[in-house]
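Good morning, everyone, and thank you for making the time. I would like to walk you through one structure today, so please have the sequence and the model open in front of you as we go.

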Amino acid sequence: MITALRGMKDIIDDASEYEYILNAAIACAKLYGFNLIDAPILEETALFRRSAGESSDIVGKEMYEFVDKGGASVCLRPEGTAGVVRAFIEKKLDRTSGVHRFFYHGSMFRYERPQKGRLRQFHQFGVESFGEKSVYEDAAIILLARDIFDALDIRYELQINSLGCVNCMPKYKEKLNAFLNAQNNLCDDCERRTKTNPIRTLDCKNDTCRKIYENAPLIANFLCDECKSDFAALQDILTFSGVMFSHNKRLARGLDYYNKTAFEFISGEIGSQDAIAGGGRYDKLVMHLGGKPTYAVGFALGVERMYDLINPPRREREGVYIGAIDSEAIRDIFAYAQVLRKRVKTFVEYEPKKLAAHLKNADRMNAKLCAVIGDEERADGAIWIKDLLAGKESRPNLNEWLTRDFRSA
Ligand code: HAM
């Protein structure tokens with residue numbers, strides 16, 4: 001038997017959870033003025049190397065990268081931001097004024113070691129906002145994520161940090177580098193990060209490294225005046241908006257493109273892979289990928305990580321099931337279904353069956369109405385109906401019934 005690849009899952013048992021999360025996220029994003037963007041899943045490998053950064057685990061270890069039949073090096077997207085930025089620049093939106101806000105959802109691919117909450121193909125819902133310098137936009141993006149979690153009744157802890165900017169980050173990196181170079185017990189990942197992006201060392205999960213970093217210099221003590229005042233303003237807006245958060249001074253995020261605001265939503269109820277959403281500001285990325293300098297901020301949430309945290313409402317009985325007792329009536333009920341489908345969800349049974357079998361089928365399909373045509377109904381121009389919710393039977397005139405208002409069915 002051919003099975004799905006390791007770390008890849010069908011959305012089948014979790015389909016209602018998936019739809020429930022996505023619908024809530026889309027509804028919230030639209031209320032904040034975000035519009036759909038759907039970038040390709042496959043992009044040039046260089047796009048991810050340049051955006052996520054060579055030092056990130058995503059690029060260093062996890063890319064689904066291959067050479068296509070034309071000899072191009074391509075990669076299944078490990079995250080959504082890079083493709084959206086590429087599309088933004090390609091559409092020349094960086095040359096227009098105003099703010100552009102997008103939301104997206106779909107599969108992302110990372111060749112990680114699969115475990116609970118960590119898949120190789122997973123689904124993100126994300127938003128990206130371009131062209132807004134104000135820290136109010138960072139706050140709005142965090143509030144949007146908060147609204148999605150509230151809509152889904154998910155409890156979370158919000159951690160924020162400021163990663164500084166081109167003015168203050170280099171000075172901090174110098175200090176941090178000096179500190180890291182004086183250590184000799186770092187894990188392999190941190191040795192690599194020390195050379196590529198030292199800030200990423202600080203949120204290492206390795207116990208020895210964590211102990212060492214207790215004494216490491218922190219960006220919070222090196223922020224320039226602008227970063228300091230933006231970060232203070234962000235905290236003020238969040239507090240004023242009733243959002244609980246903590247300042248995690250070691251929060252660095254797994255991708256290299258962030259500056260200033262970085263944040264993560266953590267759940268205490270799903271085990272070690274506890275980040276349910278993450279994001280921040282990335283004001284340099286558009287320029288770095290060849291566009292005009294453009295302010296940008298966004299976040300993405302991991303759909304699968306939220307499955308265990310939600311209770312989708314039970315699906316109520318819905319729609320009409322229609323069947324016939326004799327084979328001569330099958331063509332008729334097939335035609336009636338076309339009429340019904342203009343207004344109501346309709347299941348048709350193509351095989352003639354006894355009434356009891358139809359009732360069983362309708363129940364299995366969670367239909368509200370079971371409609372059956374037998375000999376007598378055909379002779380009388382009638383149809384036999386059982387409302388499976390109310391438990392009531394009736395035998396209305398067929399033509400009248402077909403033109404009924406089915407809004408409650
Ligand atoms: P990220 O933190 O790498 O950020 O991923 C966002 C979310 O995707 C995580 O918080 C987590 O819930 C989920 N996730 C990540 N990896 C996996 C995995 N292997 N299996 C299941 N879920 C996973 C980004 O991707 C950025 N593009 C977010 C962003 C948008 N920043 C600015 N704009």
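Let me start with helix H2, residues 45–52, which lies across S2, S3 and S4 and runs at about 75° to S2. Before going further I should say that this is a predicted model, in which local features need pLDDT of at least 70 and side-chain atom pairs count only at pLDDT 80 or more, while totals for chains, interfaces and linings use all residues. Residues are numbered from 1 along each chain as its sequence is written, and side-chain values use heavy atoms, with hydrogens and water left out.

A few terms will come up repeatedly. Helices (H or I, at least four residues) and strands (E, at least two) are DSSP runs numbered from the N terminus, and two strands pair if DSSP finds at least two bridges between them. Angles run from 0 to 180 degrees between N-to-C directions, with axes fitted as lines to C-alpha atoms, for helices over the stretch in contact.

The strands beneath that lead-in form an open sheet of three, in the order S2-S4-S3, with antiparallel pairing. S2 and S3 are the edge strands, each pairing on one side only, and neighbouring strands of this sheet are turned by 35° against each other on average, direction ignored. Strand S2 (residues 42–44) is joined to strand S4 (residues 73–76) by three bridges, and there Glu-43 has Cys-75 as its bridge partner in S4. Strand S3 (residues 64–67) pairs with S4 over four bridges, in the antiparallel sense; Val-67 has Ser-73 as its bridge partner, and Glu-65 stands opposite Cys-75. The hairpin of S3 and S4 has five residues between the strands, and in it Gly-71 takes a positive phi near 90°.

Now to the second sheet, which is open, has five strands in the order S13-S12-S14-S15-S16, and shows mixed pairing. Strand S13 (346–348) and strand S16 (392–394) stand at the edges with a single partner strand each, so one side of each is left without a neighbour in the sheet. Here neighbouring strands are turned by 20° against each other on average, direction ignored. Within this sheet, strand S14 (residues 369–373) and strand S15 (residues 384–387) pair in the antiparallel sense over four bridges, and Trp-384 in S15 is the bridge partner of Val-372. Helix H11 (residues 330–340) packs on the sheet, touching strand S12 (320–324), S13 and S14, with its direction at about 165° to that of S12; contact here means heavy atoms within 4.5 Å.

Finally, the ligand: which residues are closest to it? The ligand is surrounded by 26 residues, the closest being Glu-79, Glu-112, Glu-128, Tyr-258 and Ala-275, where a residue counts as near if one of its heavy atoms lies within 4 Å. Strand S6 (121–130), strand S10 (275–281) and strand S11 (296–302) each supply at least two residues of this shell, and S10 gives the largest share, five residues. As for polar approaches, a ligand nitrogen atom is 2.5 Å from an N or O atom in the side chain of Glu-79, and a ligand oxygen atom is 3.4 Å from a polar backbone atom of Ala-277.

Note on methods. Polar contact = N/O pair within 3.5 Å; in protein donor to acceptor, adjacent residues only side chain to side chain.
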